[in-house]
Amino acid sequence: MAESKDLLQVLWSGADELRGKMDANEYKTYLLGLVFYKYLSDSYLAKVYDLINDAMPDSLEDAQEQYEEIMKTSDADDLLAELKNSMHYTLAPEMTFVSILKDAKNNCFNREKLQAAFNRIQESDELFNGLFADVDLYSNRLGTGDQKQSATIANVIKVLDGADLIHAEGDVLGNAYEYLIGQFASETGKKAGEFYTPHGPAQILCRIAMRGQEDKKGLQVYDPCMGSGSLMLSCRNYSKEPDYIKYYGQELMPSTYNLARMNMFLHGVLPENQHLRNGDTLDADWPTDEETEFDAVTMNPPYSAKWSAAEGFKQDERFMDYGGKLAPKSKADYAFLLHGFYHLKQTGTMAIVLPHGVLFRGAAEGTIRETLLKNGSIYAVIGLPANMFYNTSIPTCIIVLKKHREGRDVLFIDASNLFEKEKKQNVMREEHIDKVLELYSERKTVEKQAYLASYDDIKANDYNLNIPRYVDTSEEEEEIDLKGLTAEIKDTNKQIKEGNEQFMKMLSELTFSSAETEDAVRDFMSIFEGV
């Protein structure tokens with residue numbers, strides 16, 4: 001049985017074969033793609049064995065052997081039809097990971113066979129269309145010339161042999177994949193913003209979005225800036241019916257979109273529950289023709305991104321009810337927020353991470369914010385620690401939104417000090433996350449931590465939501481005891497005077513070898529006379 005620690009070690013050591021040849025943002029594509037291919041291939045062989053023997057194989061080599069044998073018989077077509085129906089893809093015996101690994105061990109690895117396997121999977125079903133497009137097996141990054149490039153891929157395949165992806169219990173495999181994504185984010189730094197939300201903010205977002213909806217069967221989760229899909233998948237951890245959750249996500253970057261698709265499969269999400277799209281969230285609304293409102297909306301959009309802010313958007317249902325104003329061209333933050341909010345169910349909860357500027361900037365953003373507050377749409381504002389995210393060191397905040405609730409009060413939480421420093425990043429531990437959730441659940445004023453502001457409070461502040469206006473975390477300075485300070489200064493002066501006198505006495509007792517030295521010392525002593 002594969003232990004998660006062993007699995008992590010094997011998968012991460014696969015990165016060592018690529019590290020140094022290219023940066024982490026590139027080699028993550030190779031490693032994560034090959035892990036996913038192994039998972040599909042191993043699952044396929046396990047299914048083959050199960051259909052033949054009604055049991056799980058002791059080893060994938062046994063399954064491979066039986067697959068090769070049955071493909072020579074008249075039962076081959078029936079078996080392939082059943083596999084296509086249940087797995088959505090088929091692989092010829094020579095295209096399996098087991099077969100290609102054997103070639104790699106025998107020094108006769110052939111990239112064409114692996115590429116053919118990728119192509120077969122991608123062409124089997126729309127689900128897999130273009131999934132391995134970024135895994136360029138012929139890239140010069142892998143080495144100079146055919147031999148070195150082939151050797152690099154073959155070495156990664158040999159390392160991955162140690163990863164048992166079939167017997168990994170529960171969500172071990174999905175969590176291992178999540179771990180890899182997190183490790184790549186750490187190595188990639190600024191480029192990681194497009195695909196990864198750190199653990200602390202992600203857990204707070206998901207726990208808030210799921211609160212009160214844990215028992216719901218068929219829950220629908222939406223992330224229009226999904227990255228690797230990690231935020232949506234984290235919602236599973238807080239559902240009592242995780243297998244019935246339907247995921248709706250959109251991602252602009254094709255390679256990141258493919259990563260999210262792989263991530264869904266590796267977390268065991270059924271194909272019919274995956275509704276993912278590669279596209280620009282702001283340019284054209286999606287989804288529009290199926291489910292359009294969702295129970296939980298989680299978002300970590302690119303901060304202060306540019307967008308067109310074209311006049312036509314004023315007639316777009318997502319943005320049209322906010323005083324005739326659009327998010328400015330130079331800062332799309334409110335465009336992302338309003339898009340997500342538009343797709344929120346009347347009974348749902350939305351949680352989004354944004355820079356603090358959205359809380360107090362004026363002009364069009366001020367008008368949008370005022371409209372949201374007048375409608376009672378903003379439920380809570382949570383200030384996070386600085387330096388939490390890989391792509392920026394600025395402090396960020398989580399804004400929680402709800403539709404048609406009673407009251408227009410807003411809970412402010414200052415969590416800026418709830419972190420530990422770890423290498424380059426600040427990290428929120430479980431106790432920090434739990435503290436934020438405790439303050440959120442209690443929804444009351446707690447000195448220096450939280451403040452429940454009435455609508456009148458907010459109106460009096462001109463709809464400015466800057467957290468320090470509501471949660472005062474300043475520490476009072478101690479009063480200075482002037483009497484004591486005076487006595488201290490007098491005592492210090494007395495000690496200085498006594499010290500100088502003692503020093504002068506020592507100097508005056510000195511004897512000199514020359515008149516020149518004596519003059520120099522007398523000159524030096526004159527500095528202290530009268531001090």
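Is Ala310 buried, exposed or partly exposed? I will start there and then work outward. Ala310 is partly exposed, because its relative accessible area is 34%, and the band for that label lies between 20% and 50%. What you have in front of you is a predicted model, and everything I say about it is computed from that model.

Ala310 sits in the loop that runs between strand 4 and helix 12. In sequence it is 19 residues from Lys329, and the two C-alpha atoms are 8.5 Å apart in space. The residue before it in the numbering, Ala309, belongs to the loop between strand 4 and helix 12 (333-342). Ala309 is not a glycine, yet its phi is positive, about 50°. Its relative accessibility is 16%, so Ala309 counts as buried.

Now the overall picture. The protein has 531 residues, and its radius of gyration is 32 Å, where a compact globule of that length would be near 24 Å. The C-alpha trace spans about 115 × 75 × 40 Å along the principal axes. There are 18 helices and eleven strands. Buried residues account for 51% of the 531. If we take contacts between residues at least 6 apart in sequence, 74% of them join residues at least 24 apart.

Next, the cores. The largest nonpolar core has 70 residues, and Phe36, Leu114 and Phe132 are the ones with the most contacts inside it. Helix 2, residues 24-53, supplies the largest share of this core, 14 residues. Apart from it lies another core of 47 residues, which includes Tyr248, Ala327, Val381 and Ala453.

Leu114 is worth a look on your screens. What does Leu114 touch, once its neighbours within four places in sequence are left aside? The contacts are Leu34, Tyr37, Ile100, Phe109, Leu137, Ile153 and Ile157.

Ile100 in that list belongs to helix 5, where it is one of the buried residues. Helix 5 covers residues 97-105 and is mostly covered, with seven of its nine residues buried. Those seven are Phe97, Val98, Ser99, Ile100, Leu101, Asp103 and Ala104. As a reminder, an α-helix has 3.6 residues a turn, so residues three or four places apart point the same way. After helix 5 comes Asn107, with a positive phi near 55°.

Helix 2 comes up again with the cavity. The structure holds one cavity of 30 Å³ or more. The largest cavity has a volume of about 110 Å³. Which residues line the largest cavity? They are Lys28, Thr29, Leu32, Gly33, Leu131, Asp134, Val135, Ser255, Asn258, Leu259 and Met262. By type, the lining divides into five nonpolar, four polar and two charged residues. Helix 2 and helix 11, residues 254-266, each give at least two residues to that lining.

Beyond helix 2, in the loop that leads to helix 3 (60-70), is Asp54. Asp54 has a positive phi of about 55° and is not a glycine. Asp54 is exposed, because its relative accessible area is 66% and the label needs over 50%.

Three more loop positions, in sequence order. Pro287 lies in the loop between strand 3 (274-278) and strand 4 (294-299). The peptide bond from Trp286 to Pro287 is cis, with omega near 0°.

Then Ser377, in the loop between helix 14 (363-374) and strand 6 (378-383). Is Ser377 buried or exposed? Its relative accessibility is 5%, so Ser377 counts as buried. Outside its neighbours within four places in sequence, Ser377 is in contact with Phe341, Leu372, Val400, Leu401 and Lys402.

Last is Asp472, which is found in the loop between helix 16 (455-460) and helix 17 (482-508). Asp472 is partly exposed, because its relative accessible area is 48% and exposed would mean over 50%. Asp472 and Asp414 are 58 residues apart in sequence, with 9.0 Å between their C-alpha atoms.

To recap: this is a predicted model, with a largest nonpolar core of 70 residues and another core of 47 residues apart from it. Helix 2 gives 14 residues to the largest core and at least two to the cavity lining. That is all I have.

Terms used. Residues numbered from 1 in each chain as written. Predicted model: local features only at pLDDT ≥ 70, side-chain atom pairs only at ≥ 80, totals over all residues. Heavy atoms only, no water. Core = buried A, V, L, I, M, F, W, Y, C linked by side-chain atoms within 4.5 Å. Buried < 20%, exposed > 50% of the residue type's maximum accessible area, 1.4 Å probe, protein only. Helix = DSSP H or I, 4+ residues; strand = E, 2+ residues; numbered from the N terminus. Contact = heavy atoms within 4.5 Å. 1 Å grid on protein atoms, 1.4 Å probe; cavity = no way out; pocket = protein on both sides within 12 Å on 5 of 7 lines; lining within 4 Å. Points joined across faces, edges and corners; volume = space filled by probe spheres on them. Nonpolar A, V, L, I, M, F, W, Y, C, P; charged D, E, K, R; others polar. Rg over C-alpha atoms; globule rule 2.2 N^0.38 Å.
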